[in-house]
Amino acid sequence: MKRNSLLALLNAYTPENGLEKEMYLDTIAFVKKHPDCFERSLEIGHVTASGLVLSADGQSVLLMHHQKLGRWLQPGGHCDGDPDTEQVARKEIWEETGIKHLELYKQGIFDVDIHLIPERKGLPAHNHFDIRFAFKAAPGQDIVVNDESLDVQWIPLDNVRQLNDSESVVRMIRKVTA
């Protein structure tokens, strides 16, 4: 079963108490209920994967100014049927930022989030069940901006809240600075 690898990762992960724990439990229930949870054709929602990328010195994080959502976010995207969420996160980081050489900052899942994607171009509003990983980038890599973003930048950890103060992003920054 394609979902077993993700369920094993989720079972090995301990979320923060409160909102993240609720989203974590809801994600497990969603994955168990929907065999097609990795397919974007599942219109109520689907599993996505993203990565918080720390600079080589650990002082900055790579954020993209998302074209469709108009917000500064970590890179990530749809699994499109691939149940290997860590590999999906790596692929999305490379495609959206040009950063390819990454090592895991922390083994396994780093964060779990559910966020609503608004209706757009005839697609109904739906949830992204985002499985997040934390990476550290190898030094000396050039950033590439593609058509999915307005900009991509290394943002000092202390400045992230000025660009995005949502709990979803702030929680990840809190985890790497703890």
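1. In this predicted model, the side chains of Arg40 and Asp80 form a salt bridge, with N and O 2.8 Å apart. The two residues are 40 apart along the chain and the pair links distant parts of it. Arg40 sits in the loop between helix H2 (19–33) and strand S1, while Asp80 sits in the loop between strand S4 and helix H3. Arg40 is partly exposed, because its relative accessibility of 46% is not under 20% and not over 50%. Asp80, with a relative accessible area of 44%, is partly exposed too.

2. The structure holds 14 salt bridges. As background, side chains of opposite charge can pair when their charged atoms come close. One of the bridges joins Glu92 and Lys91, whose closest N and O atoms are 3.2 Å apart. Is Glu92 buried or exposed? Glu92 counts as buried, because its relative accessibility is 7%. Lys91 counts as partly exposed, at 36%.

3. A further salt bridge joins the side chains of Arg132 and Asp113, at 3.6 Å from N to O. This pair also links distant parts of the chain, with Arg132 in strand S7 and Asp113 in strand S6, 19 residues apart. Both Arg132 and Asp113 are buried. Which residues do salt bridges with shared partners join into one network? They are Glu20, Asp111, Asp113, Asp130, Arg132, Arg171 and Lys175.

4. Two members of that network, Arg171 and Lys175, are among the buried residues of helix H5. Helix H5 covers residues 167–177, and eight of its eleven residues are buried, so the helix is largely enclosed by the rest of the structure. The other buried residues of H5 are Ser168, Val169, Val170, Met172, Ile173 and Val176.

5. Helix H5 also contributes to the lining of the largest pocket. About 990 Å³ of space lies in this pocket. The idea behind such a figure is simple: rolling a probe the size of a water molecule over the atoms shows where empty space is left. The lining has 38 residues, and those nearest the centre of the pocket are His66, Leu69, His78, Ile117 and His128. Besides H5, the elements that give two or more residues to the lining are strand S1 (45–54), strand S4 (76–78), helix H3 (85–97), strand S6 (111–117) and strand S7 (126–137). By type, the lining residues divide into 15 charged, 13 polar and ten nonpolar.

6. Glu86 is in helix H3. Is Glu86 buried or partly exposed? Its relative accessible area is 21%, and the limit for buried is under 20%, so Glu86 counts as partly exposed. Leaving aside residues up to four places away in sequence, Glu86 touches Leu104, Phe133 and Phe135. The C-alpha atoms of Glu86 and Val31 are separated by 16 Å, and these two residues are 55 apart along the chain.

7. Two of the residues that Glu86 touches, Phe133 and Phe135, are both buried. How many aromatic pairs does a search of the whole structure find? The search finds three. The rings of Phe133 and Phe135 have their centres 6.5 Å apart and their planes at 40°, so this pair is described as tilted. The wording follows from the two values: a pair of aromatic rings is described by the distance of the centres and the angle of the planes.

Key: Residues numbered from 1 in each chain as written. Predicted model: local features only at pLDDT ≥ 70, side-chain atom pairs only at ≥ 80, totals over all residues. Heavy atoms only, no water. Buried < 20%, exposed > 50% of the residue type's maximum accessible area, 1.4 Å probe, protein only. Helix = DSSP H or I, 4+ residues; strand = E, 2+ residues; numbered from the N terminus. 1 Å grid on protein atoms, 1.4 Å probe; cavity = no way out; pocket = protein on both sides within 12 Å on 5 of 7 lines; lining within 4 Å. Points joined across faces, edges and corners; volume = space filled by probe spheres on them. Nonpolar A, V, L, I, M, F, W, Y, C, P; charged D, E, K, R; others polar. Contact = heavy atoms within 4.5 Å. Salt bridge = Lys/Arg side-chain N within 4 Å of Asp/Glu carboxyl O. Phe/Tyr/Trp six-rings, centres within 6.5 Å; stacked < 30°, edge-to-face > 60°.
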